[in-house]
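Me: I'm new to reading protein models and I'd like a close look at one part of this one. Could you take it slowly and then show me what else is worth a look?

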Amino acid sequence: MTDHLDVQAVTPVAARGRLLRWFISSATLSVPQAAGPVAFSLLALQLEGATSGGAAMILAMTIAQVAGAVPLTRLGSSVTPATALRFLLIFRAIALALMTLSAFWKMPLEVLVGLAAAAGLVNGAAFGYLRTVLNELTPAAKLPRALGIAATLGEATFVLSPVLASALGSVSPLFAVCAMAVLGTLPALLVPSVGAKVQKAGVRSSEPTITPEIMIWLLCSTAGGAAVAAIEIGAVALALEFGHAPALAIMFTVPLCLASVAGGVWVSVRNRGASRAEVILKLLLMSAGSALVATSISVATTIGGAVLMGFVLAPLSTHYSLELDKLAPPSKRAEIFALLRTANAMGVIFASAMMTMGSITTALVATTGLMICATLLVAVASRRKLGTLRP
């Protein structure tokens, strides 16, 4: 297996060191996305006197990620994944640095929104290349454990980054954006230089990028991303709906994050792929949890639904990654992983759009419906043996 020659060519200690560097890279890659909502809102509040500009920056960053994922992944296909990742992250750091300088010089909000979009342009492709590097660092038998650890660290990033942004932003929002730029660039310094060029320059594989089997898991990622985003974005609205202060929105988001960390730990300890029945059961639990939140019968049932969703989040995302790893042609693996991250981002956009056009209830019902549709699709595909679910 050429995918894992590098693992066998180094000592166990060196291999563990390179894997540790990859884990740190994975955890810090998403710092700009995780800290962005708080940092950008504080920046907009300082410049414009309102936080709406921060939402515009995040929306621009997310849309740019969707637009840039595939083109940027293909653009870097003639170099090694680690090299491509470094170029992308340097570009993002420059965009965030220019954003800090523009805010310092009190440039118009439109300039900041444009720079936020430039920073977000590389997010999907960067994830695709970083995920491809993992195949060079760990044997296939240990891939579920590695992905579980990565998912756990990723949740920790999304919990801790807003806290860091808030702490630094209380001194100056510029410090928060600077921290995003510095921490988000760490993977460029730490990612191991492994693997060969994905393909020769100017040569494109004739194999299709997206097959029906791949599309199934991308749709599942979109549905799951939308269902979770509806809770995270609508947490304040949920708290108000139950008659609580806005600050108590954390009673929905914190249990969700803690359950997700627990799910990631469970995947790491278990270290094996899921069976056909297990995947469908987890999708059903995700749908049931989303439905409990959407009905909003009580605070307890809403929190219970969030916990249910959080616990299966990491196992499902790990499964999607493992399936796409098997389905993607080696020359297009980075592109497919970029699409996986993009699919999740499209779920966030869907949830945001539903909340903008309607209410929190509209968003929760719509995302629950999307999650149920994804579950039914996997169940039907599994019966027809469309996917690569394990028998």
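Which residues are buried in H2?

Reply: Sure! Keep in mind that this is a predicted model.

The buried residues in H2 are Ala15, Arg18, Leu19, Trp22, Phe23, Ser25, Ser26, Ala27, Thr28 and Leu29. To find the helix itself, look at residues 12-29. H2 has 18 residues, and at 1.5 Å a residue they should span 26 Å. The end C-alpha atoms of H2 sit 25 Å apart, which agrees with that expectation.

You can try the same kind of reading on H12, which covers residues 250-270. H12 has 21 residues, and the distance from its first C-alpha to its last is 30 Å, close to the 30 Å expected at 1.5 Å a residue. Its buried residues are Met251, Phe252, Thr253, Pro255, Leu256, Cys257, Ala259, Ser260, Gly263, Gly264, Val267 and Ser268. And what do they pack against? The partners of these buried residues are helix H8 (143-171), helix H10 (212-233), helix H11 (235-241) and helix H14 (299-327). Just after H12 comes Asn271, with a positive phi of about 50°.

H12 turns up again when you go hunting for empty space. Rolling a probe the size of a water molecule over the atoms shows where such space is left. Searching the whole structure this way gives three cavities of 30 Å³ or more. The largest cavity holds about 90 Å³ of space. Its lining is made up of Pro144, Trp266, Val267, Arg270, Arg272, Gly273, Ala274, Lys282, Pro315, Thr318, His319 and Leu322. H12 and H14 are the elements that give two or more residues to that lining, and H14 gives the most, with four residues. If you sort the lining residues by character, you get six nonpolar, three polar and three charged. Notice Val267, which is one of the buried residues of H12 and also lines the largest cavity.

Next, let's pick out single residues inside helices. Start with Ala39, which is in helix H3 (residues 31-48). Ala39 has 0% relative accessibility, so it counts as buried. Setting aside residues up to four places away in sequence, Ala39 touches Ala165, Ala176 and Met180. The C-alpha atoms of Ala39 and Met180 are 8.6 Å apart, although 141 residues separate the two along the chain.

Ala343 makes a nice companion to that. You'll find Ala343 in helix H15 (residues 333-357), and its 4% relative accessibility is why it counts as buried. Ala343 touches Leu218, Ser221 and Thr222, again not counting residues up to four places away in sequence. Between Ala343 and Leu218 there are 5.7 Å in space, C-alpha to C-alpha, while in sequence they are 125 residues apart.

Then there's Thr73, in helix H4 (residues 52-75). Thr73 has a relative accessible area of 3%, so it is buried. Leaving aside neighbours within four places in sequence, Thr73 is in contact with Gly68, Ala125, Tyr129, Ala334, Glu335 and Ala338.

Now for the loops, where a couple of backbone angles deserve a look. Lys106 isn't a glycine, yet it has a positive phi of about 55°. Lys106 lies in the loop between helix H5 (81-104) and helix H6 (109-120). Is Lys106 buried or exposed? It counts as exposed because its relative accessibility is 63%, and the cut-off for exposed is over 50%.

Ser296 isn't a glycine either, and it has a positive phi of about 50°. Its place is the loop between helix H13 (276-295) and H14. Ser296 is buried, with a relative accessible area of 15%. So here you have two loop residues with positive phi, Lys106 exposed and Ser296 buried.

Last stop: the cysteines. A disulfide is a covalent bond between the sulfur atoms of two cysteines. How many disulfides does the model have? The count comes to zero. Two cysteines to click on are Cys178 and Cys257. Cys178 counts as partly exposed, at 35% relative accessibility. Cys257, one of the buried residues you already met in H12, has a relative accessible area of 15%.

Notes
Residues numbered from 1 in each chain as written. Predicted model: local features only at pLDDT ≥ 70, side-chain atom pairs only at ≥ 80, totals over all residues. Heavy atoms only, no water. Buried < 20%, exposed > 50% of the residue type's maximum accessible area, 1.4 Å probe, protein only. Contact = heavy atoms within 4.5 Å. Expected span 1.5 Å × (residues − 1). 1 Å grid on protein atoms, 1.4 Å probe; cavity = no way out; pocket = protein on both sides within 12 Å on 5 of 7 lines; lining within 4 Å. Points joined across faces, edges and corners; volume = space filled by probe spheres on them. Nonpolar A, V, L, I, M, F, W, Y, C, P; charged D, E, K, R; others polar. Disulfide = S-S within 2.5 Å.
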